Amino acid sequence: MNQKSCTKNQVEILCFKPKIDKEEAIKIARKKPFLRREKGQVTETNLMYKPFMIFKYEASIRKKKIKDAIIENITFYIAIDMITGLGFEFEKFDEDRVDRIFVENNQIIKESISINKAMEEASRIAFKFKLKLSKFGFEVLREEVKPIGMIYKPLWIIKFINKGRESIVGVDAIKGTRV
């Protein structure tokens, strides 16, 4: 759902499209509750957006010690969780899975790490990849890690109350898992 304009309390973001709606998120949050409170009454449900910095890694590689080895170009992506600073790699970035939308400022979970720290983590992941390649007899001739931008992942935050005690459950709005 693309919106055309925003209010002064809104910001435009690029986010993965949610697949899990509010009602389904509540059902997921109630499954196998960690605490009895999650069987209580839902007092609040919010769709929040968690920031991830996305980087593109490109490299040219070839087999070591082979005179006329074929040079292969490889590409993968690195996502850095801007809250924890942890990163992971993935093969394909599907732009059809993202949307540019306007959300309220208070729906965005603020980053805890800087873009420089995210770049350091992306470089660390790229270095680990190079080490792995080296173990398999490949060398990297050229490589580049470049930032693509910030993309937000939607999360449902559900508050329950039971016998006066509150609990909070997060549900991944894409995978439908508790977080």
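# Exercises on a predicted model

K163 sits in the loop between strand 6 and strand 7 (165–172). The model is predicted.

**Exercise 1.** Decide whether K163 is buried or exposed, and state what is noted about its phi.

Solution. Step 1: take the relative accessible area of K163, which is 80%. Step 2: set this against the cut-off, by which a residue over 50% counts as exposed. K163 is therefore exposed. Step 3: turn to the backbone. The phi of K163 is positive, about 55°, although K163 is not a glycine.

**Exercise 2.** Do the same for K65: find its loop, its phi and whether it is buried or exposed.

Solution. Step 1: K65 belongs to the loop that lies between strand 2 and strand 3. Step 2: its phi is near 60°, again a positive value in a residue other than glycine. Step 3: the relative accessibility of K65 is 86%, so K65 counts as exposed.

**Exercise 3.** Check whether the length of helix 2 (residues 115–135) agrees with what its number of residues leads one to expect.

Solution. Step 1: helix 2 has 21 residues, with 1.5 Å allowed for each. Step 2: the expected span is 1.5 Å times one less than the number of residues, which gives 30 Å for helix 2. Step 3: the C-alpha atoms at the two ends of helix 2 are 31 Å apart, and this agrees with the expected span.

**Exercise 4.** Show how the buried residues of helix 2 are arranged around its axis, and name the strands they pack against.

Solution. Step 1: list the buried residues of helix 2, which are A118, E121, A122, I125, A126, F129 and L133. Step 2: look down the axis of helix 2. The buried residues fall within an arc of 140°, so they line one face of the helix. Step 3: turn to the face directed away from this buried side, where the exposed residues N116 and K135 are found. Step 4: name the partners. The buried residues of helix 2 pack against strand 2 (41–63), strand 3 (72–81), strand 4 (87–90) and strand 6 (138–162). Step 5: note what comes after the helix. G137 follows helix 2 and has a positive phi, near 85°.

**Exercise 5.** Repeat the analysis for helix 1 (residues 22–30), starting from its buried residues.

Solution. Step 1: the buried residues of helix 1 are A25, I26, I28 and A29. Step 2: seen down the axis of helix 1, they fall within an arc of 160°, so they line one face. Step 3: E23 and K27 are exposed on the other side of helix 1. Step 4: the buried residues of helix 1 pack against strand 2, strand 6 and strand 7.

**Exercise 6.** Place I61 and V145 in their strands, and decide for each whether it is buried or exposed.

Solution. Step 1: I61 lies in strand 2, and V145 lies in strand 6. Step 2: recall that buried means under 20% relative accessible area. I61 has 5% and is therefore buried. V145 has a relative accessibility of 18%, so V145 counts as buried. Step 3: leave out residues up to four places away in sequence and list the contacts. I61 touches I70, I71, E72, I74, L133, F138, E139 and V140. V145 touches F55, K56, Y57, M119, A122 and A126. Step 4: tie this to helix 2. L133, a contact of I61, is one of the buried residues of helix 2. A122 and A126, among the contacts of V145, also belong to that buried set. Step 5: compare sequence with space. I61 and E72 are 11 residues apart in sequence, with their C-alpha atoms 5.3 Å apart. V145 and K22 are 123 residues apart in sequence, with their C-alpha atoms 37 Å apart.

**Exercise 7.** Describe the surroundings of E91, given its place in the loop between strand 4 and strand 5 (98–104).

Solution. Step 1: the relative accessible area of E91 is 72%, so E91 is exposed. Step 2: E91 touches T75, F76 and Y77, with residues up to four places away in sequence not counted. Step 3: from C-alpha to C-alpha, E91 and K56 are 9.8 Å apart in space, while 35 residues separate them in sequence.

**Exercise 8.** Characterise the largest pocket by its volume and its lining.

Solution. Step 1: the volume of the largest pocket is about 320 Å³. Step 2: 13 residues line this pocket, and the closest to its centre are F16, F88, R97, K153 and I174. Step 3: strand 2 and strand 4 are the elements that give two or more residues to the lining. Step 4: sorted by kind, the lining has 8 nonpolar residues, no polar ones and 5 charged ones.

Methods:
Residues are numbered from 1 along each chain as its sequence is written. This is a predicted model: local features need pLDDT of at least 70, side-chain atom pairs count only at pLDDT 80 or more; totals for chains, interfaces and linings use all residues. Side-chain values use heavy atoms; hydrogens and water are left out. Helices (H or I, at least four residues) and strands (E, at least two) are DSSP runs, numbered from the N terminus. Buried means under 20% relative accessible area, exposed over 50%, partly exposed in between (1.4 Å probe, protein chains only). The arc is that of the directions from the helix axis to the C-beta atoms. Contact means heavy atoms within 4.5 Å. On a 1 Å grid over the protein atoms alone, a cavity is a set of points where a 1.4 Å probe fits but cannot get out, and a pocket is an open set with protein on both sides within 12 Å along at least five of seven lines; lining residues have an atom within 4 Å of a point. Grid points are joined across faces, edges and corners, and a volume is the space filled by probe spheres set on the points. Ala, Val, Leu, Ile, Met, Phe, Trp, Tyr, Cys and Pro count as nonpolar, Asp, Glu, Lys and Arg as charged, and the others, Gly among them, as polar.
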